[in-house]
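Biologist: Could you take me slowly through one part of this model, as you would for a student in the first year? I would like a close look at a single helix, and then enough of the surroundings to place it.

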There are 2 protein chains.
Amino acid sequence: MSNITITQTGANKTFGGWTKMFSHPSAICGGEMNFSVFLPPQAESGDVPVLYWLSGLTCNHENFITKSGAQQYASEHGIMLVAPDTSPRGAGVKGEDDTYDLGTGAGFYINATEKKWATNYRMEDYIMQELPEIIRASFPVMEEQESVFGHSMGGHGALTLALKYPGRYRSVSAFSPICAPSRCPWGEKVFLEYLGDDKGKWKLHDANELIKSTTLEIPVLIDQGGDDPFLEKELNYELFLKTCTDNNQTLTARLQTGYDHSYYFIATFMADHIRHHAKALQV
Amino acid sequence: MSNITITQTGANKTFGGWTKMFSHPSAICGGEMNFSVFLPPQAESGDVPVLYWLSGLTCNHENFITKSGAQQYASEHGIMLVAPDTSPRGAGVKGEDDTYDLGTGAGFYINATEKKWATNYRMEDYIMQELPEIIRASFPVMEEQESVFGHSMGGHGALTLALKYPGRYRSVSAFSPICAPSRCPWGEKVFLEYLGDDKGKWKLHDANELIKSTTLEIPVLIDQGGDDPFLEKELNYELFLKTCTDNNQTLTARLQTGYDHSYYFIATFMADHIRHHAKALQV
């Protein structure tokens, strides 16, 4: 990429490093996109690994960086955090702002193929190509030292992208991921809109399906709240564990009693997740 | 208080304890008031001390509990956190919603005496009387084991309330407090409105004035960001340190290079503040 223009829209010193916000024109999404980062103090004297966070439905690039408390642990371990937005904003697609779980705030980390959405809703390419190019060109990061984690829709994103791009990430983790979007209301709604009615295509973006033919050769950690109101209907945690067992996929999965779907849950176990990635990223 | 009715409006398990939100009719402020709490896991098996947080301008009862990361440390030390709102809401006083630094979100932790505001804007009595009565009646808290801290307007609140009510708190701390509201634009604006034009009355609610005749016999900690955009014009940090020195007030005051006025700054030094209070509260 020859021309990269990013605009810094915020900078706050945090745990010895810097929380920063940026916007940039996106060739892939066809409009302005936002992301936040945390640069640990170690980035002032050398290259650091990068850990991408993928947020859940309705979130933008700010929720994680203001609420998760991740900077404390990223500062300790010397890891850069990158938190992109969850969709294009203001793309102008009819209906994109009508419901919280389709369109704006609900990009699902896939490339839409249905004509209506296909021009702008290309979050998979954005996360896998354009954003990493920007990060590598703009910040002191190590080559090929990248990991990914996320929450809910972003947990689905982290798991499926790690499955679809073997070798790309050193580790993956998820909080309350949507494990089987092909068979839950959130996933069925957006996959029909973004991908059309061929359910064979849906399986290419479904961790519970992908894990049947692909093995994640990197460390995998999943935390799931036991009192998550979406556990039964949307997340398919038990089904995914069974599919992993049936297909010899090793992972660490923890059902956390009493916790729900909120950032309070995420903050509680953030230290463990950053440690999980730090170990794989060898920092 | 014979009739206390509080309504729980939220509950999220957090670091082994519970973040909860409440609303209640306030006799003192003449309307519904909101507060948030964190109950540490230790509160399930015994009484715990209470640490009150007073927020800054524009905040409500949620900012601290969602952004500060304080639950992690309160859980470690076994301290209950209580974060009230910063003013009445919807009191109906003319002009209360016109600017961010007067009226709604800007109660300044004093009792207004000017007629227009005096019925509702009584945050000093609310914080010192009504709210603690509710807390003691509703939660497993230790008698006389209370401390206070806050940010900006709330740092002013913490310091002045500790000065005005000797013996009430075991410790006090502040992030970027408004140290001398009698002589800064924020303070001059609200004191004129809430207290009238007799500047002798203003001095009764000004830490930099109160410290001349009262000594805080409890541990005092202040953190101030070196790149705080309000440092010069609004906060009077250097003046307050000089007044403390001139009047033999001991305190720990730290100018933190590069930090600003935000919750990123607060989160960075939250562990130190909770530790400061835990020591005084003997937990």
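What follows is a close look at one helix of chain B, with some other places in both chains after it.

Modeller: Please keep in mind throughout that this is a predicted model. The part I would choose is helix H4 of chain B, which covers residues 123-138 and bends by about 30° at Leu131(B). A proline, Pro132(B), follows the bend within four residues. Which residues of H4(B) are buried? They are Met123(B), Glu124(B), Asp125(B), Tyr126(B), Ile127(B), Met128(B), Glu130(B), Leu131(B), Pro132(B), Ile134(B) and Ile135(B), so that list, where buried means under 20% relative accessible area, takes in both Leu131(B), where the helix bends, and Pro132(B). As for what these buried residues pack against, the partners in chain B are strand E2 (17-26), strand E3 (31-39), strand E4 (48-54), strand E5 (80-84), strand E6 (141-151) and helix H5 (153-164).

Another helix of chain B, H2 (residues 70-77), is mostly covered, with six of its eight residues buried. Those six are Ala70(B), Gln71(B), Gln72(B), Tyr73(B), Ala74(B) and Ser75(B), and just after the helix Gly78(B) takes a positive phi of about 75°.

Two single residues of chain B show how burial can be read one residue at a time. Gly196(B) sits in the loop between helix H6 (185-195) and helix H7 (199-202), and because its relative accessible area is 6%, Gly196(B) is buried. If residues up to four places away in sequence are not counted, Gly196(B) touches Glu114(B), Phe191(B) and Trp202(B), while its C-alpha atom is separated by 27 Å from that of Cys244(B), which is 48 residues apart from it along the chain. Lys233(B), in contrast, belongs to helix H9 (residues 231-235) and counts as exposed, because its relative accessibility is 58%. Leaving aside neighbours within four places in sequence, Lys233(B) is in contact with Cys184(B) and Pro185(B), and from Lys233(B) to Phe265(B), 32 residues apart in sequence, the C-alpha to C-alpha separation is 19 Å.

In chain A, two residues are worth a look for their backbone angles. Most residues other than glycine have a negative phi. Phe15(A), however, has a positive phi near 45°; it lies in the loop between strand E1 (7-14) and strand E2 (17-26), and at 18% relative accessibility it counts as buried. Asn248(A), which is not a glycine either, has a positive phi of about 55°; it lies in the loop between helix H10 (237-246) and strand E9 (252-256), but at 66% relative accessibility Asn248(A) counts as exposed.

Finally, we can step back to chain A as a whole, whose secondary structure comes to eleven helices and nine strands. Its radius of gyration is 18 Å, close to the 19 Å that the globule rule gives for 283 residues, and chain A is therefore as compact as a globular protein of that length. Buried residues make up 62% of those 283 residues, and among contacts with a separation of 6 or more, 73% join residues 24 or more positions apart. The chain exposes about 10,600 Å², with carbon and sulfur atoms supplying 47% of that area.

Note on methods:
Residues numbered from 1 in each chain as written. Chains lettered and ligands numbered in written order. Predicted model: local features only at pLDDT ≥ 70, side-chain atom pairs only at ≥ 80, totals over all residues. Heavy atoms only, no water. Bend = angle between axes of the 7 residues up to and from the residue. Buried < 20%, exposed > 50% of the residue type's maximum accessible area, 1.4 Å probe, protein only. Contact = heavy atoms within 4.5 Å. Rg over C-alpha atoms; globule rule 2.2 N^0.38 Å. Areas by Shrake-Rupley, 256 points an atom, 1.4 Å probe, with all protein chains shown as cover.
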